[in-house]
Amino acid sequence: MVARGTSRFLASLGFSCVEELPLPSGGRADLVAMNTRGEMWIVEIKSSREDLRADQKWESYRAHCDRLFFAFPSELPCELFPLETGLIVADGYGAHLHCEAPEHRLPAATRKVMMIRFGIAAARRMNRLIDPQGHGMVDE
């Protein structure tokens with residue numbers, strides 16, 4: 001539900017989202033958002049304190065985006081989350097930006113890799129919807 005509300009919010013800001021995008025470092029980002037200017041944001045979804053405590057990989061995601069956010073339900077206090085990330089409070093219907101994420105612009109080569117991964121993942125997923133029994137199904 002948090003991912004859906006966050007995706008709706010990001011769409012209202014002009015971003016398109018891909019969920020569970022594999023990253024060059026081997027991780028998998030919950031949401032990667034890209035706008036027409038090529039800005040790349042990563043949003044990590046956290047549903048509980050335990051979920052946040054167990055996550056040891058989120059810091060490495062910064063190398064793959066211009067801004068890094070956490071999205072979470074309103075039941076979680078903002079104070080749990082790292083100061084160097086943006087915060088989005090979300091539910092199944094929408095979200096609001098609680099705290100802007102600091103910008104750290106991607107190098108051009110990394111941006112290109114991320115844009116290609118984003119585009120390929122989006123196209124593959126669209127093809128699966130159009131032709132579920134299609135050939136050439138390759139895991140992302």
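**Helices, strands and cores**

Me: What span should the 23 residues of α3 have, at 1.5 Å a residue?
Reply: Helices (H or I, at least four residues) and strands (E, at least two) are DSSP runs, numbered from the N terminus. The expected span of a helix is 1.5 Å times one less than its number of residues. The end C-alpha atoms of α3 agree with this, as they lie 33 Å apart, and the expected span is 33 Å.

Me: What kind of model is this?
Reply: Residues are numbered from 1 along each chain as its sequence is written, and side-chain values use heavy atoms, with hydrogens and water left out. Local features need pLDDT of at least 70, side-chain atom pairs count only at pLDDT 80 or more, and totals for chains, interfaces and linings use all residues, this being a predicted model.

Me: Which strands do the buried residues of α3 pack against?
Reply: Buried means under 20% relative accessible area, exposed over 50%, and partly exposed in between (1.4 Å probe, protein chains only). In α3, Arg111, Met114, Phe118 and Ala121 are buried. These residues pack against β1, β2 and β3.

Me: Is arginine 111 buried or exposed?
Reply: Arginine 111 lies in helix α3. Not counting residues up to four places away in sequence, it touches Gly38, Glu39, Met40, Asp66, Arg105 and Leu106, where contact means heavy atoms within 4.5 Å. Its relative accessibility is 14%, so arginine 111 counts as buried.

Me: Which residues of the largest nonpolar core touch the most other members?
Reply: A nonpolar core is a set of buried Ala, Val, Leu, Ile, Met, Phe, Trp, Tyr and Cys residues joined through side-chain atoms within 4.5 Å. Of the 24 residues in the largest one, those touching the most other members are Val32, Met40, Ile42, Phe70, Phe72 and Phe81. At least two residues of this core come from each of β1 (15-22), β2 (28-35), β3 (40-45), β4 (67-72), β5 (86-90) and α3. The residues asked for are thus Val32, Met40, Ile42, Phe70, Phe72 and Phe81.

Me: Which strands do the buried residues of α1 pack against?
Reply: Helix α1 covers residues 2-12, and its buried residues include Val2, Ala3, Phe9 and Leu10. After α1 comes glycine 14, whose phi is positive, near 95°. The buried residues of α1 pack against β1, β2, β3, β4, β5 and β6 (95-99).

Me: Is isoleucine 130 buried or exposed?
Reply: Isoleucine 130 is found in helix α3, which covers residues 108-130. Its relative accessible area is 62%, so isoleucine 130 is exposed.
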